[in-house]
Amino acid sequence: MPHEKFDVSRLERLNDPARLEYLDPRAIWSAADVRDPRTVVEIGAGTGMFASRFAEMAPDADVYAVDVEPVMVRWMLENRPPSLCERLHPTLSRESAVPLPTGEADVVIMINVHHELADPVSTYREALRLLRIGGTVVIVDWRPGDVSGGPSQHVRATAEQISEVLARVGFDTIAEHGDLPHHTMLTACKPAICGL
Ligand SMILES: C[S@@+](CC[C@H](N)C(=O)[O-])C[C@H]1O[C@@H](n2cnc3c(N)ncnc32)[C@H](O)[C@@H]1O
């Protein structure tokens, strides 16, 4: 699978607040459509800029900001807002193995991560494992053909290609949301019968 990992030496770029103008966390949260979540997982959280916003929008939730890069996890541990320290948990993962229990997450969010996945089927299967029945995964990534920024065109996937992987691993109720100017946004749910 063609993919492209983020260069951690460019970490500070992830904190550019201008990103929030075209990747509005409220639009992403609204697409997730979860009420009073207790457990939120962001896979590929980077510096946690979005995870912090989600923690503010879900005041009763523990938010797990998961990343495969030790540099990112260390940065989040050192820089997370003091007011969120007790609920925002930077968490080191392996490529498709997140060290969190099965069936507890109300929502799993992945922003600008699909194009970095070596094995999307395994990573989405891991997202499915983490979710409770009825829980929602939200996938946001750069649209193919958009030239305003983002990764190389050859690693981008269409909404149809991402949907196909989600359906293959067992998600249902797959829906596309057109609220973001440069990104595809998809949601899907964990059905009652999916073997996980
Ligand atoms: C482009 S950055 C986006 C970070 C953050 N979501 C944001 O938009 O600010 C992608 C992040 O995903 C992480 N990543 C890539 N593959 C991953 C995987 N399989 N599991 C967890 N994290 C992953 C990278 O280390 C990187 O920090």
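1. Start with strand 2 (residues 62-67) and strand 3: in this predicted model the two run parallel and are joined by five bridges. If you want one pair to look at, take valine 63, whose bridge partner in strand 3 is leucine 88.

2. Helix 4 (residues 70-79) packs on the sheet here, touching both strand 2 and strand 3. Its direction makes about 160 degrees with that of strand 3.

3. Now zoom out to the whole sheet. It is open, with seven strands in the order 3-2-1-4-5-7-6, and the pairing is mixed. Strand 3 (88-92) and strand 6 (172-177) are the edges; each has a single partner strand, so one side of each has no neighbour in the sheet. From one strand to the next, the twist averages 20 degrees.

4. Back in strand 2, have a look at aspartate 67. What is the nearest side chain of opposite charge to this residue? That would be lysine 5, but it is 7.9 Å away, and aspartate 67 has no salt bridge although it is buried. The cut-off for a salt bridge is 4 Å, so lysine 5 doesn't qualify.

5. What the side chain of aspartate 67 does have close by is backbone nitrogen. The one of glycine 46 lies 2.9 Å from a polar atom of that side chain, and the one of alanine 45 lies 3.4 Å from a polar atom of it.

6. Leaving aside neighbours within four places in sequence, the contacts of aspartate 67 include Gly44, Ala45 and Gly46, along with Met72, Val73 and Met76. Thr91, Leu92 and Ser93 are also in contact with aspartate 67.

Key. Residues numbered from 1 in each chain as written. Predicted model: local features only at pLDDT ≥ 70, side-chain atom pairs only at ≥ 80, totals over all residues. Heavy atoms only, no water. Pairing = 2+ DSSP bridges. Helix = DSSP H or I, 4+ residues; strand = E, 2+ residues; numbered from the N terminus. Axes fitted to C-alpha atoms, helices over the stretch in contact; angles between N-to-C directions. Contact = heavy atoms within 4.5 Å. Buried < 20%, exposed > 50% of the residue type's maximum accessible area, 1.4 Å probe, protein only. Lys, Arg positive; Asp, Glu negative; His and termini not counted. Polar contact = N/O pair within 3.5 Å; in protein donor to acceptor, adjacent residues only side chain to side chain.
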